[in-house]
Each structure stands twice: as structure tokens, then as C-alpha cells.
Amino acid sequence: MEDLYINVPIAPLFIAPSFNATLIDEVLYGTKVTVLFKKDKWACIKTDYGYTGYTPFYTLETPKIDLSGTMESIVSAQSSSILEYPNVKSNTIATVFCGSRLFMIDTVVYKNYVPIVILNGNLGFIHKNNIRKKDDILKLDEDKLRSYIVEQAFLYLGATYKYGGKTHLGIDCSGLCSQAYLNAGISIYRDSIIHKDFPVKEKNLTELKKADLIYFKDRHMAMYVGDGIYIHSNATDGRVALASLNSYDSLYRKDLSEKIDCFGGIDFI
């Protein structure tokens with residue numbers, strides 16, 4: 001086994017080593033994964049959020065530079081360009097999506113851009129408003145961190161439903177919830193169940209706070225955003241939409257409310 005990094009904007013993760021197999025996940029640029037074994041031109045990988053599947057081996061790379069001296073950072077916009085120089089007219093090296101991991105080498109801002117090192121060892125620049133240091137996010141107090149996670153979930157509002165998807169180009173229910181947490185540097189299980197090996201624990205309806213999770217009996221999940229409202233990606237709407245737990249609300253989904261299995265959340269303290 002070895003640890004490698006995703007070197008493409010979106011690496012597809014299939015249930016079997018074939019492009020005709022079911023897509024079960026998408027792994028974003030800069031994500032560190034463990035290669036369990038190789039099969040022909042495919043690698044069986046495991047993510048830190050508990051998913052195992054197959055991705056083409058070309059999506060993986062050993063960094064050409066020591067990353068230990070860099071600051072792990074997370075793309076906080078729907079998508080962002082990595083530029084060759086700190087100039088809006090510069091060539092685009094790559095376009096990365098929300099939640100991608102980048103490696104900042106300095107906090108000095110050059111004409112609104114901060115320098116990063118990409119996996120091939122080259123220097124790049126990204127707009128200062130489109131990236132946040134992981135450590136800075138995790139230092140937020142609980143209320144601000146919960147709000148940040150909800151803000152990240154709202155970046156996908158209106159995105160089309162896509163089974164296995166995890167970007168604003170298409171995302172599924174557990175992808176939405178787990179990616180919003182990953183965007184804040186927190187790994188939860190990337191599936192619509194509470195898993196004992198991950199930090200989400202069951203809680204009561206009366207204890208719900210923003211960024212907590214709602215689990216449904218038909219393997220569906222949503223994120224509670226406050227005031228009885230939740231955000232979810234669902235095949236019925238065909239997109240990421242809002243719904244309500246309150247029967248008097250126009251956003252109320254009786255069909256879903258009747259299928260609620262449990263509520264969950266993590267201890268931020």
C-alpha cells in the first residue's frame with residue numbers, strides 16, 4: 001500500500017475497474033488517498049472518509065515537492081482557476097472545485113492572489129477569496145464553524161442531482177452533506193447512515209443545530225440549516241433544494257418527513 005494524491009480536478013471512483021461500472025464517488029484534486037492495489041491501468045483506493053473503489057491510475061501522483069512545509073488549504077468557492085502568474089490575464093494551469101486540497105506556501109497576497117505549489121512541483125496562484133487554510137477553518141468557534149459548513153452546503157444549491165457526484169456540476173445527497181463537512185476540514189462518512197467509526201452520533205430532534213444531519217429510511221440524508229429548514233440533493237427535485245420540517249411551511253415535504261429515521265451531529269468541542 002502507498003499514499004498518493006489526486007492530480008486531476010475530479011477523479012471518478014467506480015465500484016469496479018471499468019468506465020461502465022457504477023460511479024460511487026468523485027475524489028477532488030489534492031486529496032490524499034491510500035492505494036490498496038493496482039489492476040491493469042486501475043488503482044483500488046481508499047479515501048479518509050471510508051470509501052473504497054477504483055479510479056484510473058493516471059489520476060494519481062506522487063508529489064514532486066515536499067509538502068511538509070506547506071499549509072494545507074481548501075478551495076472555498078464553487079470553482080477557481082489556478083493561474084501561472086498573479087494576474088487576471090495569466091494562463092490558467094487548472095480549474096479546481098470546491099473542497100479541492102491545495103498547498104499554500106506563503107500568506108503574502110500578490111495583486112489579490114496567493115501562491116500555492118501544485119503536485120508536479122510548479123508554482124501557481126489562486127485568488128485570495130477562493131481559498132482558506134484548513135487550520136484557520138478548524139479554529140473557528142462552534143457557532144461560526146457550523147455556519148461555515150452550512151454556507152458550504154449552500155454553494156451547491158440548485159446543482160443537478162448526480163449519483164456519486166460531489167461538485168456543483170452534479171452531486172448526490174450524501175455527497176452534499178459529506179463534502180460540506182470536508183470543505184471545513186472534517187471527515188464524516190460519505191453515505192446516508194451513521195457509521196460508528198466516524199464522528200457523527202445520533203441526537204434528538206430537540207437538540208438539532210445548524211449543520212446537523214437528518215437521515216431517512218430510504219437511504220437519503222440532508223443537512224439541517226436552522227428554523228426547521230434543511231438542504232438536500234434529491235432525485236425527485238432533480239437538484240439540490242430546500243425543504244422544511246414544519247407542516248405549515250410551503251417547503252414542507254410530507255413524503256420525506258414520514259420517512260425520517262434519525263438525526264445526527266458531531267461534537268465540535
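These notebook entries record what I looked up in this structure, which is a predicted model.

**Entry 1: the six-stranded sheet**

I began with the strand order and found an open sheet of six strands, running β17-β22-β18-β19-β20-β21, with antiparallel pairing. I then asked which strands stand at the edges. They are β17 (201-203) and β21 (239-244); each has a single partner strand, so one side of each is left without a neighbour in the sheet. From one strand to the next, I noted an average twist of 35 degrees.

At the β17 edge, I looked up the pairing with β22 (residues 260-265), which is antiparallel and comprises three bridges. Within this pair, E202 is placed opposite G264 of β22.

**Entry 2: helices on the sheet**

I next looked up what packs on the sheet. Helix α2 (residues 142-154) does so, and it touches β17, β19 (220-226), β20 (229-234) and β21. The direction of α2 makes about 125 degrees with that of β19. I also recorded α3, which lies across β18 (213-216), β19, β20 and β21. Relative to β19, α3 runs at about 45 degrees.

**Entry 3: the β20-β21 hairpin and L242**

I turned to the β21 edge. Six bridges join β20 and β21 in the antiparallel sense, and H232 faces A241 of β21 across the pair. The two strands form a hairpin with four residues between them, where G238 has a positive phi near 75 degrees.

I chose L242, a residue of β21, for a separate look. Is L242 buried or exposed? It falls between the two: its relative accessible area is 27%, so I entered it as partly exposed. Leaving aside residues up to four places away in sequence, L242 touches F154, L157, I229, Y230, I231 and L251. For one of these, Y230, I noted a C-alpha to C-alpha distance of 5.7 Å from L242, although the two are 12 residues apart in sequence.

**Entry 4: the β5-β6 hairpin**

I then examined a second hairpin, made by β5 and β6 with five residues between them. In its turn, G50 has a positive phi of about 90 degrees. The strands run antiparallel and are joined by five bridges; K46 is set opposite T52 of β6. I looked up the covering of β6 (residues 52-56) and found four of its five residues buried, so the strand is mostly covered.

**Entry 5: positive phi outside glycine**

Which residues other than glycine have a positive phi? I noted two cases, D40 and N112. D40 has a phi of about 55 degrees and is found in the loop between β4 (32-39) and β5 (42-46). Its relative accessibility is 77%, which means that D40 counts as exposed. N112 has a phi near 80 degrees and belongs to the loop between β11 and β12 (113-117). At 38% relative accessibility, N112 counts as partly exposed.

**Entry 6: pockets**

I went on to the open spaces. The largest pocket contains about 250 Å³ of space. I counted 19 residues in its lining, and T31, K32, D48, E72 and R101 lie nearest its centre. Which elements each supply at least two residues of this lining? I found β3 (23-28), β11 (101-104) and α3 (173-182). By class, the lining has seven nonpolar, six polar and six charged residues.

For the second largest pocket I recorded a volume of about 210 Å³. Its lining consists of I24, Y51, Y161, Y163, D172, C173, S174, R190, D191, S192 and R219. I entered these by class as five nonpolar, two polar and four charged.

**Entry 7: the cavity**

Finally, I asked how many cavities of 30 Å³ or more a search of the whole structure finds. The search finds one. I noted a volume of about 50 Å³ for the largest cavity. It is lined by I188, Y189, D191, I193, I194, H195, F198, V200, Y215 and M221. In this lining, eight residues are nonpolar, one is polar and one is charged. I marked D191 in my notes, since it lines the largest cavity and also appears in the lining of the second largest pocket.

Terms used:
Residues are numbered from 1 along each chain as its sequence is written. This is a predicted model: local features need pLDDT of at least 70, side-chain atom pairs count only at pLDDT 80 or more; totals for chains, interfaces and linings use all residues. Side-chain values use heavy atoms; hydrogens and water are left out. On a 1 Å grid over the protein atoms alone, a cavity is a set of points where a 1.4 Å probe fits but cannot get out, and a pocket is an open set with protein on both sides within 12 Å along at least five of seven lines; lining residues have an atom within 4 Å of a point. Grid points are joined across faces, edges and corners, and a volume is the space filled by probe spheres set on the points. Ala, Val, Leu, Ile, Met, Phe, Trp, Tyr, Cys and Pro count as nonpolar, Asp, Glu, Lys and Arg as charged, and the others, Gly among them, as polar. Two strands pair if DSSP finds at least two bridges between them. Axes are lines fitted to C-alpha atoms, for helices over the stretch in contact, and angles run from 0 to 180 degrees between N-to-C directions. Contact means heavy atoms within 4.5 Å. Buried means under 20% relative accessible area, exposed over 50%, partly exposed in between (1.4 Å probe, protein chains only).
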